There are 2 protein chains.
Amino acid sequence: MTPGLLPLSLHVAISWVDQTVSRLPAELAPMSSICRRVLAESICATHPIPVADRALLDGFAVDASATIGAGSYNPLLLPLRTIAAGDTIPPGTDAVIALDLAQILPSGVVECIETVLPSQNVEMRGCVAIPGTLLASAGTLLLPAHMAMLISAGLGSVMVVRQPVVRIVLTSDNSVTDSDGPMCRALVERDGGLVANILAAGRNRQAITDALATEGADVVLVIGGTGPGACDHAAAALAEIGNLAIHGVALRPGETAGLGHTNNATPVILLPGSPAACLFAYEMLGGRAIRRLGGRDPALPFRSRVLCAARKIVSAIGMTEICPVHVTTSDAIEPLPPFSEIGLMAAVAADGFVIVPEEREGYPQGAAVTVYLYEGSCIGG
Amino acid sequence: MTPGLLPLSLHVAISWVDQTVSRLPAELAPMSSICRRVLAESICATHPIPVADRALLDGFAVDASATIGAGSYNPLLLPLRTIAAGDTIPPGTDAVIALDLAQILPSGVVECIETVLPSQNVEMRGCVAIPGTLLASAGTLLLPAHMAMLISAGLGSVMVVRQPVVRIVLTSDNSVTDSDGPMCRALVERDGGLVANILAAGRNRQAITDALATEGADVVLVIGGTGPGACDHAAAALAEIGNLAIHGVALRPGETAGLGHTNNATPVILLPGSPAACLFAYEMLGGRAIRRLGGRDPALPFRSRVLCAARKIVSAIGMTEICPVHVTTSDAIEPLPPFSEIGLMAAVAADGFVIVPEEREGYPQGAAVTVYLYEGSCIGG
């Protein structure tokens, strides 16, 4: 009979991920596909931005010195040179007059009623960046504004970190009603990974071994079959095909999680099949591996706030415990029924969760506690 | 000549969006596609969850009353009924003994060394939900855990708010080097919309009118051509084909933004062509319309924090001004060169932005200021 697991500290498991899993190599990506990718190399301007003096607004390009003395009582006549915002200032001019401070006369000249200074309403060559100015640094998660700025700077493609390719192996009896597979696919995509395939190995040890031995993934998530039961083959299959580094983590939910790698050094994360345990073993270990591979911040992808516990939060000493909480209208937190009682309903009912470290038995009422907040929504209209 | 714009308060423009744009109808979506969709109708359990008493861990199913008195010095022999976590408890049993508290003897019976209570290690029928229990409420932004919970509850599809279909019309001279189109596409996708097409109408008024008159979009973003210049046709085209409700918003950057609708009541947002102005007119008005259509929270999709201004933040009274800021290591904020000087580089260089309302001239040093924070990243490994 398989002995009970002797779970290791979550810190040890996280350190294993951090020491074992490193960033994937870079690849060239066209600008249209860079959104939410991670920049692999810093980008500096190669030419001045803007590359020439440009009009900041629609109006008339003028030689500023020719406008000296112009005013409502002394309109001056100037050559007609209309210009649109963003256009290059034509030779012989150095300023722009706004449309409402001049007007076109039937004779085809412009009557100007204000004196302008040289460079007025002009964006000067190089004022945004000169050659060598840092435009975006390596490690930047590229957002829409980065994309637009880099396109404006003349780039057609950039080097980004390759997206981690993830294989998901299901070891449950019934993959049709399985909810862990779709959940993990969505989590992987949230963390910037690409799910290559979801293999249903069932409770068949050879099928699990074969799925682990297949090449082509940067990381493998094995879901279910992580317990000590006779039908649980995930850990044994990994030990056979490579290295089972850790089996059993002092994390609740998620105690039967495991970590290791195949004999070609692909990291493998064993996630318990119970949905809430699967979710948090993914969040704490699997997601961390995928975020590290993709060059993202390895920390949990939730915003956190320090809030006051309105009631005592209870947890077991010796286990890192994830406690679902409700945030009250006065920004206090209240514990909800735990994952051990209502499973994923706890995650769904909660506004967020508190991570009680293994050395604590919880938090007393009134304690300042870090809460990780789920993304919310409401229906407008 | 077109007169200068008389910009309206941003509050008026936002109110127009809120009064004009409402949530789209619901549609049925299969579970595999519901991630990041908005639930249109509340979902209640139709049967008990779990539907039967289930084992909470791998072990042996037993009749608890038959274990009374069992211990290390008094092992009791029981019929062999192995059970895996999640399996239904077989008839005649009401508890589960963990694997390490019993062992199988060669004679095919189980030797039990601990007394268990009825229901011990059993998840009782209906303990998560009874028929009628609310599983997820209308308006929920569906995250991976919701998807898994709803699959576990037996649902194969749910009613979600239809995703807004967005047409983008570019009115710049050169759509090849355009950066606003890709930026807006990425912003629309971030906000849950689907970009149906990006039409390059150029500075051709008839082409803009035709693009506006085409059916099939829930909202149209017209980019560029919003100024008062002779080549700016966006506002005139909208006035011709429908209704130009607002043109000119006291928002910097973004002054020449406009709002209205086509004659078949499709909302149209006019976004300035200058990239930083395009970005913030989108964030404050276009994105709000798309988020409302899709049933999302209409507020800005950034986390915000109240931080202390390390230096004075200057803005123009009478204009809502977006000020890019840097967050120092001590969580204070410092203003960066404004959008009017360095365009989108300000958004890219910033950790976030402050919105200075139109009735203020900025914030003094030491003021507590709400800052909207950009999503960050760093390279791990």
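This report covers the interface between two chains, their symmetry, and selected salt bridges.

The model is predicted: local features need pLDDT of at least 70, side-chain atom pairs count only at pLDDT 80 or more, and totals for chains, interfaces and linings use all residues. Residues are numbered from 1 along each chain as its sequence is written, chains are lettered from A and ligands numbered from 1 in the order in which they are written, and side-chain values use heavy atoms, with hydrogens and water left out.

## Interface

Chain A puts 63 residues in contact with 64 residues of chain B. Contact here means heavy atoms within 4.5 Å. About 5,000 Å² is buried between the two chains, and carbon and sulfur atoms give 70% of that area. Buried area is the accessible area (1.4 Å probe) that two parts lose on being put together, summed over both.

The count between chain A and chain B is 2 salt bridges. A salt bridge is a side-chain nitrogen of Lys or Arg within 4 Å of a carboxyl oxygen of Asp or Glu. Arg36(B) pairs with Glu375(A) in a salt bridge, with the closest N and O atoms 2.6 Å apart. The rule also finds 4 residue pairs in polar contact across the interface, both residues at pLDDT 80 or more. A polar contact is a pair of N or O atoms within 3.5 Å; within protein, one must be able to donate a hydrogen and the other to accept it, and residues adjacent in sequence count only if both atoms are side-chain atoms.

Several elements of chain A give two or more residues to the side that touches chain B, among them strand S8 (102-104), helix H2 (144-152) and helix H6 (275-293). H2(A) supplies the largest share, 8 residues. Helices (H or I, at least four residues) and strands (E, at least two) are DSSP runs, numbered from the N terminus. By class, this side of chain A has 35 nonpolar, 16 polar and 12 charged residues. Ala, Val, Leu, Ile, Met, Phe, Trp, Tyr, Cys and Pro count as nonpolar; Asp, Glu, Lys and Arg count as charged; the others, Gly among them, count as polar.

## Symmetry

A turn of 180° and a shift of 0.0 Å along the axis lay chain A on chain B with an RMSD of 0.0 Å. That is the relation of a two-fold axis. In chain A, the C-alpha nearest the axis belongs to Arg303(A), 3.9 Å from it. Copies are superposed by least squares on the C-alpha atoms of residues with pLDDT of at least 70 in both. Of the interface residues of chain A, 100% are also interface residues in chain B, so the copies meet through the same surface.

## Salt bridges

Over all chains, the search finds 28 salt bridges. Three pairs in chain B are listed here.

| Pair | N to O distance |
|---|---|
| Arg292(B) and Asp18(B) | 3.5 Å |
| Asp218(B) and Arg162(B) | 3.0 Å |
| Asp232(B) and Arg203(B) | 3.4 Å |

Buried means under 20% relative accessible area, exposed over 50%, and partly exposed in between (1.4 Å probe, protein chains only). Arg292(B) is buried at 9%, while Asp18(B) is partly exposed at 26%. Asp218(B) is buried at 14%; Arg162(B) is partly exposed at 27%. Asp232(B) is buried at 14%; Arg203(B) is partly exposed at 28%.

In chain A, Arg190(A), Asp191(A), Glu283(A) and Arg291(A) are linked in a network of salt bridges.
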